[in-house]
Amino acid sequence: MPRHKPSHQLTDQQRRRISSIRERRLDRLEERRREESARVLQAGDPVGEVLDGRVTAHFGLNVEVEESGGAPSPEGRIPCRCAVRETVEMEPVCGDWVVWRRLGEDQGVIEGVKPRRTVLRRPGACERLRTLAANVDRLLVTASGVRFNPGLVDQYLVAAEAAGVEAVLVISKMDLLDERERTSLEGALAPYRAMGYGVVHTSLTGDLSELMGELAGWTSVFSGQSGVGKSTLVARLTGDESVRIAPEDATGGGQGRHTTTVARLYHLPGGGELIDSPGIRSFGLHGVDASEVAGYFRDIAPFIGHCKFGDCEHGEEPGCAVRAAVKAGRVDERRWESLRRIVRELENEQSNPF
Ligand SMILES: Nc1nc2c(ncn2[C@@H]2O[C@H](COP(=O)(O)OP(=O)(O)OP(=O)(O)O)[C@@H](O)[C@H]2O)c(=O)[nH]1
Ligand SMILES: [Mg+2]
Ligand SMILES: [Zn+2]
C-alpha cells in the first residue's frame with residue numbers, strides 16, 4: 001500500500017477537507033511566526049545598519065540569512081537565524097535576497113525581501129507552500145540512469161522553461177549500468193541533446209569537472225526524486241561534510257527515503273551557489289496554463305503556429321502540425337505523449353483546484 005494516495009483518487013469532499021486543514025495549519029504557523037517576531041524584537045532593538053543578505057535555509061519559524069559582500073571569516077560565512085518582521089509580505093525562501101538587521105551575534109530580523117529574478121515552485125495544494133527557491137539560474141534536473149524516467153524529466157523541463165531558468169540534465173548512478181543499459185539510456189537522452197540541453201553523467205566516484213563547469217558562477221538548484229543522489233553530489237561538489245546523505249542504497253533505482261527535508265544553499269569553492277532540495281514524488285506545474293505547455297517543449301514549439309486551428313490542442317485534431325511532425329519523425333513520439341499527459345493533468349487540476 002502506498003503511504004500517500006495519489007490525489008486523483010480522492011473525492012472532492014476529501015480534497016476540500018485536506019485543503020482546509022492545511023490552511024488552518026498554516027494560519028497557526030503564521031500566528032506563531034508573528035509571536036516569534038515580536039519575541040525576538042522585544043529581546044533587543046535592532047542594532048547596526050540595514051544589511052544585505054541571502055537566505056540559505058528556511059525553517060518553520062526562522063530563516064537562515066548570510067550577510068552578503070565582505071570577506072568570509074576564517075570559519076566561513078556564519079549564517080544568522082532571523083525572524084521575519086510582520087510587515088514583510090512575501091515569505092522569504094532559499095535563494096532570496098533580503099534586507100535585514102542584526103539583533104546580536106547570531107540573531108536578526110528580516111526587514112524586506114527583494115524582488116525575485118526567478119522563482120521555482122513545487123507541487124502542493126496551497127499557494128503559500130509552493131515556492132521552493134528564488135533567484136536561481138540553473139535547474140539541475142537530476143535523474144538516476146537506473147530506470148531512467150523521461151516523463152518526470154519532461155515535467156521539470158516545462159517548469160524550468162516557464163520560470164525562465166536554464167535546465168541541465170544530470171544523470172546519476174552511471175556506475176550501476178552495464179554496456180547494454182548505457183546504450184539504451186543514450187537513445188532516451190538523444191532528443192534532449194538535440195534540443196540543446198546540457199547532459200552530464202555522474203557516478204559514485206567519477207570525475208565531476210564537467211558538472212563543475214556547468215555550475216561555476218551561477219546559482220543552481222538540484223531537483224529530482226528522492227534517492228537519485230542530489231545530496232551526494234552537493235557534498236562532493238562543495239566538500240561540505242555536514243550534508244546529509246541516505247545510508248547504503250540497496251536498490252540503486254532511487255527508492256528514496258526523503259533524507260533531505262529542507263532546501264539549503266551552499267557555496268561552491270570555485271564560485272557560485274548550489275541549492276540542495278528535498279526529493280519530490282511528482283512535480284506539479286501550478287501556475288502554468290495548459291494552453292502554454294506546448295510552447296515550453298523546445299522540440300515542439302516550432303510547429304505550434306502551423307496547426308490548422310488556432311486553439312489546436314495537438315492531439316488528434318485534423319491539420320495538427322505537431323502531430324504531422326511526430327508522424328514524420330521530426331519530433332520524438334514519447335515527447336509528444338509527455339505533452340499530452342501534462343496538458344491532461346493540468347486540465348484536470350484547473351477544473352478541480354483542490
Ligand atoms: N552507485 C551509486 N550510488 C549513488 C550515486 N549517487 C548517490 N548514490 C547513493 O544513493 C543514495 C541516496 O543518495 P542521496 O544523495 O541521499 O539522494 P538524494 O537525491 O539527496 O535524496 P533525498 O534527499 O531523499 O531527496 C545514497 O545511499 C548514495 O550513496 C551514484 O552515482 N552511484
Ligand atoms: Mg538529499
Ligand atoms: Zn496542433
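Two strands pair if DSSP finds at least two bridges between them. Helices (H or I, at least four residues) and strands (E, at least two) are themselves DSSP runs, numbered from the N terminus.

The structure on display is a predicted model, in which local features need pLDDT of at least 70 and side-chain atom pairs count only at pLDDT 80 or more, while totals for chains, interfaces and linings use all residues. Residues are numbered from 1 along each chain as its sequence is written, chains are lettered from A and ligands numbered from 1 in the order in which they are written, and side-chain values use heavy atoms, with hydrogens and water left out.

**First stop: strand S5**

Select residues 107-113, which make up strand S5. Five of the seven residues in S5 are buried, where buried means under 20% relative accessible area, exposed over 50%, and partly exposed in between (1.4 Å probe, protein chains only).

Next, add residues 97-102, strand S4. S4 and S5 pair in the antiparallel sense, with five bridges. Select tryptophan 100 and then isoleucine 110 in S5, its bridge partner. Four residues lie between S4 and S5 in this hairpin. Glycine 104, in the turn, has a positive phi of about 160 degrees.

Now add residues 80-84, strand S3. S3 and S5 run parallel and are joined by four bridges. Cysteine 82 can be found opposite glycine 108 in S5.

**Second stop: the salt bridges**

A salt bridge is a side-chain nitrogen of Lys or Arg within 4 Å of a carboxyl oxygen of Asp or Glu. The whole structure contains 16 salt bridges.

Select aspartate 154 and arginine 334, whose side chains form a salt bridge with an N to O distance of 3.2 Å. This pair links distant parts of the chain, 180 residues apart: aspartate 154 belongs to helix H2 (residues 150-163) and arginine 334 to helix H7 (residues 333-351). Is aspartate 154 buried or exposed? Aspartate 154 counts as buried because its relative accessibility is 0%. Arginine 334, at 26%, counts as partly exposed.

Remain in helix H7 and select arginine 341 with glutamate 345, a salt bridge whose closest N and O atoms are 3.7 Å apart. These residues are four apart in H7, so about one helical turn separates them. Salt bridges that share partners join Asp154, Asp299, Arg334 and Arg335 into one network.

Finally, select glutamate 186 and arginine 193, a salt bridge with its closest N and O atoms 3.2 Å apart. Glutamate 186 is partly exposed at 32%, and arginine 193 is partly exposed at 38%.
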